[in-house]
Amino acid sequence: MAKNRTSAGLPTRQQILDFIASSNTPAGKREIAKAFGLSAQDKILLKALLKDMTDEGLIDVAPGRAFHKMGGLPKVTVLRITDADGDTTWAVPERWEAEHVPAPRLRVREMRGKRSALGVGDRILARTEEAGNGWIAHPMKTLARGEELMLGVLHEEGGKLWLQGVEKKERRSWPVSDAGGAEPGDLVLAEKAGRPPRITARVVERLGDPFAPRSFSLIAIHRHGIPNVFSEELLEEAERVARQPLGEGREDLRHLPIVAIDPADARDHDDAVWATPDDDPANEGGWKAIVAIADVSFYVRPGSELDREARKRGNSVYFPDRVVPMLPEVLSADVCSLKEDVDRAALACHLQVTKSGTLKSWRFTRAVVRLAANIAYEDAQAAIDGDLDNPLTETALRPLWDCWHALNAARDKREPLDLDLPERRIVLDEKGRILSVAPRERLDAHKLIEDYMIAANVAAAKALEAKKTPVMYRIHEPPAREKLTALKEYLKTFDIEFALGQVIRPATFNRILDRVGEEEFRPQVMEQVLRTQTQAYYGPENVGHFGLALGSYAHFTSPIRRYADLVVHRALVDAYRLGPGGLTAEEAGSMDRIGESISQLERRAMEAERETIDRYVAAYLAAHVGEVMEARITGVQNFGFFATVDGVGGDGLVAARDLGAEYFHFDEAGKRLVGEHSGEEFTLGQRIELRLVEANPVSGALRFELPDGKGSAGGPQRTGRPGKGAPKRVIHRRGRPGNIRHNGRKR
């Protein structure tokens with residue numbers, strides 16, 4: 001806790017809260033440090049204290065790193081007008097990310113005696129003021145009207161057209177004043193029109209059939225505002241830079257059998273690898289390895305239109321039916337993609353790996369490579385297992401595997417967090433129709449590439465630190481005490497002790513899973529450990545990567561699809577004086593802001609990808625509505641529980657009101673609902689039979705009920721403490737935070 005780290009000069013929590021509340025300007029870390037006259041050492045402690053206050057729910061962070069009281073508002077922020085009736089105008093924050101606090105409504109104070117010139121949907125920059133139990137907004141500037149559009153499906157009722165939103169929580173339909181040529185059943189984008197109480201929807205774009213193949217990702221793209229079209233000017237720039245020669249002075253690596261190992265359907269190939277026994281007597285028994293990464297920084301220069309667009313996108317977004325790339329395809333799928341038998345520009349990380357798997361040395365060069373092959377994971381694994389003939393098995397694959405065994409042993413010794421939760425894979429046919437939904441197979445070939453990527457990422461961070469060059473770190477902080485306390489209470493229900501006073505390391509959680517062993521409830525404990533972890537993010541101040549048990553870590557290996565990696569490439573080019581495209585002074589001074597932006601864009605992409613998977617799963621299950629199926633409970637709340645279909649995924653709700661006449665108590669620590677009289681339980685991870693009563697592909701929502709329609713789970717239920725009695729497991733749809741296991745390579 002921060003109170004154990006404070007010094008005499010550090011303000012208390014209450015003093016910080018008072019300062020934030022009284023400040024007339026946005027209060028960031030710099031302003032707080034200046035107000036209390038903190039020394040350089042105190043500023044380091046202040047950052048930790050502010051992090052603790054954020055984790056404790058005392059304050060929140062607004063865009064731009066300004067702090068405000070949790071449940072409150074930044075001093076200056078962007079608002080969107082929701083009601084404007086001529087006398088009183090109301091607005092809400094354009095962005096509101098507090099999970100458990102509803103967004104406040106602000107009364108907009110305009111010039112007295114003047115009718116409001118603001119209409120529903122208008123955006124303003126405003127100074128906010130807390131007054132009594134409410135908030136007042138003082139407009140500073142009217143902003144360009146944002147893309148505040150509603151995404152929904154048209155339906156006809158009572159002879160009128162209505163718009164139903166696509167979000168799971170959307171329950172209201174809007175009357176349509178202008179269909180714009182769209183018809184009932186169409187997926188559309190619409191804007192609000194009119195004034196309360198007569199707000200209507202006006203269709204601005206018809207998107208087509210929401211149930212058609214490849215529509216589900218389109219819904220996510222529009223709902224999250226993901227840019228998916230490149231301008232003609234930008235495409236012309238991409239074509240122009242793609243034609244430039246590779247440049248002078250590159251190290252020639254074309255004689256080496258370097259290979260790329262990727263998914264079978266991969267279109268962009270960021271990375272390729274090579275290894276051989278080391279002939280250096282000082283590294284006897286070790287290996288030399290090269291991780292060659294597409295030299296995107298050579299083509300995408302700071303300040304260019306390509307750079308501005310890439311920063312705006314932050315990353316590529318991967319859906320089952322399409323990829324929304326960070327860079328135009330002439331770069332992402334062609335000139336920057338490392339392909340077999342063609343010369344490509346690369347940034348090469350040269351590694352010396354000891355026989356124990358540690359990194360002895362590293363260096364970075366700009367190189368030209370000509371890959372010996374692009375190999376699918378399954379084919380590489382089959383070749384090394386002797387199930388498939390490949391001419392590169394002995395010359396390229398076998399040395400890679402031998403070196404990897406050492407890297408993997410070093411990883412095991414480091415004991416990173418090991419949460420091997422299954423990922424779902426949506427298989428589509430050539431027309432985009434769903435063939436299957438199944439867990440993704442995990443091979444040694446996947447782990448091999450991950451460990452080479454992790455080694456290169458560590459080398460990149462340490463190399464930049466040695467050169468005293470700014471680093472865009474991939475940061476994964478240790479869990480907050482509040483989450484550890486919740487985990488302790490949860491584990492207690494399984495008679496598993498967890499001491500809060502110990503030093504928390506990734507291995508701490510691995511030991512918990514070792515104690516659980518192969519019990520049926522192991523996956524649900526694994527899921528709870530996952531929920532205890534913090535969200536990984538990007539930033540220039542290093543606090544290590546907790547999940548990987550690494551002190552210095554940066555993303556270097558995927559510049560085609562992640563802007564963070566492009567920033568690291570530029571820093572290396574500048575530090576090693578490798579030619580044009582290096583980090584600029586402007587970028588070096590904006591690392592905080594860039595890191596915050598790309599972290600937010602990463603979260604947007606993850607949410608869009610997850611929602612799209614849910615829609616595909618709902619579409620897959622729509623043919624099974626009315627059937628009773630095996631499920632597991634994935635979440636328990638006081639209003640009911642969520643369950644997922646075994647082996648398929650997709651969370652659906654069973655409302656408490658549908659559990660029969662009996663009253664069910666909510667045991668928060670035990671994550672269970674308990675019948676007041678019968679003692680019947682519905683517990684996190686419990687295997688249960690449920691009837692699917694609704695599967696909505698447009699929203700991704702599922703709804704279940706008990707097979708007999710009343711408070712029985714369709715089979716014998718245990719009573720007493722969780723962890724004793726009935727077998728329980730849980731399989732979740734959620735991914736890993738901060739690339740804990742798949743860190744080197746998200747896909």
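In this predicted model, Glu-415 is partly exposed, with a relative accessible area of 27%, and its place in the chain is the loop that runs between helix H10 (393–414) and strand S23 (424–428). The backbone of Glu-415 has a phi near 55°, which is a positive value in a residue other than glycine. As a general matter, most residues other than glycine have a negative phi. A positive phi, of about 50°, is also found at Lys-671, which is likewise not a glycine. Lys-671 belongs to the loop between strand S30 (664–667) and strand S31 (672–675), and with a relative accessibility of 21% it counts as partly exposed, because the partly exposed class begins where the buried class, under 20%, ends.

Taken as a whole, the protein chain contains 17 helices and 34 strands. Of its 747 residues, 52% are buried. Among the contacts in the chain that have a separation of 6 or more, 68% are between residues 24 or more positions apart.

Several residues with polar side chains can be followed from their place in the chain to their surroundings. Arg-344 lies in strand S20, which spans residues 343–353, and at 11% relative accessibility Arg-344 counts as buried, since the cut-off for that class is under 20%. The side chain of Arg-344 makes polar contacts with backbone oxygens: that of Asp-334 is reached at 3.2 Å, and that of Ser-337 lies 2.9 Å from a polar atom of the arginine side chain. Both Asp-334 and Ser-337 appear in the list of residues that Arg-344 touches when those up to four places away in sequence are not counted, a list that also includes Leu-246, Val-335, Leu-338 and Lys-339, together with Ala-367, Val-368 and Val-369. For Ala-367, which is 23 residues away from Arg-344 along the chain, the separation between the two C-alpha atoms is 8.4 Å.

Another arginine, Arg-632, is located in strand S27 (residues 628–637) and is buried, with a relative accessible area of 1%. From Arg-632 to Asp-646 there are 14 residues in sequence, and the distance in space, taken from C-alpha to C-alpha, is 6.6 Å.

Buried residues are found in loops as well. Ser-316, in the loop between helix H7 (305–313) and strand S18 (317–318), is buried, with a relative accessible area of 6%. The side chain of Ser-316 reaches the backbone nitrogen of Met-326 at 2.9 Å. Leaving aside residues up to four places away in sequence, Ser-316 touches Met-326 as well as Val-323, Val-324 and Pro-325, and its other contacts are with Ile-560, Arg-561 and Glu-609. His-555 is part of the loop between strand S26 (537–539) and helix H15 (563–575), and it is buried, with a relative accessible area of 1%. The side chains of His-555 and Tyr-538 are joined by a polar contact of 2.9 Å.

With regard to empty space inside the protein, a search of the whole structure finds two cavities of 30 Å³ or more. The second largest cavity holds about 30 Å³ of space. Its lining is made up of Ile-226 and Pro-227, of Arg-313, Asn-315 and Val-317, of Val-324 and Pro-325, and of Arg-604. Sorted by class, these lining residues comprise five that are nonpolar, one that is polar and two that are charged. Two of the residues named in this lining, Val-324 and Pro-325, are also among those that Ser-316 touches.

Finally, the cysteines were considered. A disulfide is, in general, a covalent bond between the sulfur atoms of two cysteines. With a cut-off of 2.5 Å between the sulfur atoms, the count of disulfides in the model comes to zero. Among the cysteines, Cys-336 is buried, with a relative accessible area of 2%, and Cys-349, at 0% relative accessibility, also counts as buried.

Definitions and conventions
Residues numbered from 1 in each chain as written. Predicted model: local features only at pLDDT ≥ 70, side-chain atom pairs only at ≥ 80, totals over all residues. Heavy atoms only, no water. 1 Å grid on protein atoms, 1.4 Å probe; cavity = no way out; pocket = protein on both sides within 12 Å on 5 of 7 lines; lining within 4 Å. Points joined across faces, edges and corners; volume = space filled by probe spheres on them. Nonpolar A, V, L, I, M, F, W, Y, C, P; charged D, E, K, R; others polar. Helix = DSSP H or I, 4+ residues; strand = E, 2+ residues; numbered from the N terminus. Buried < 20%, exposed > 50% of the residue type's maximum accessible area, 1.4 Å probe, protein only. Polar contact = N/O pair within 3.5 Å; in protein donor to acceptor, adjacent residues only side chain to side chain. Contact = heavy atoms within 4.5 Å.
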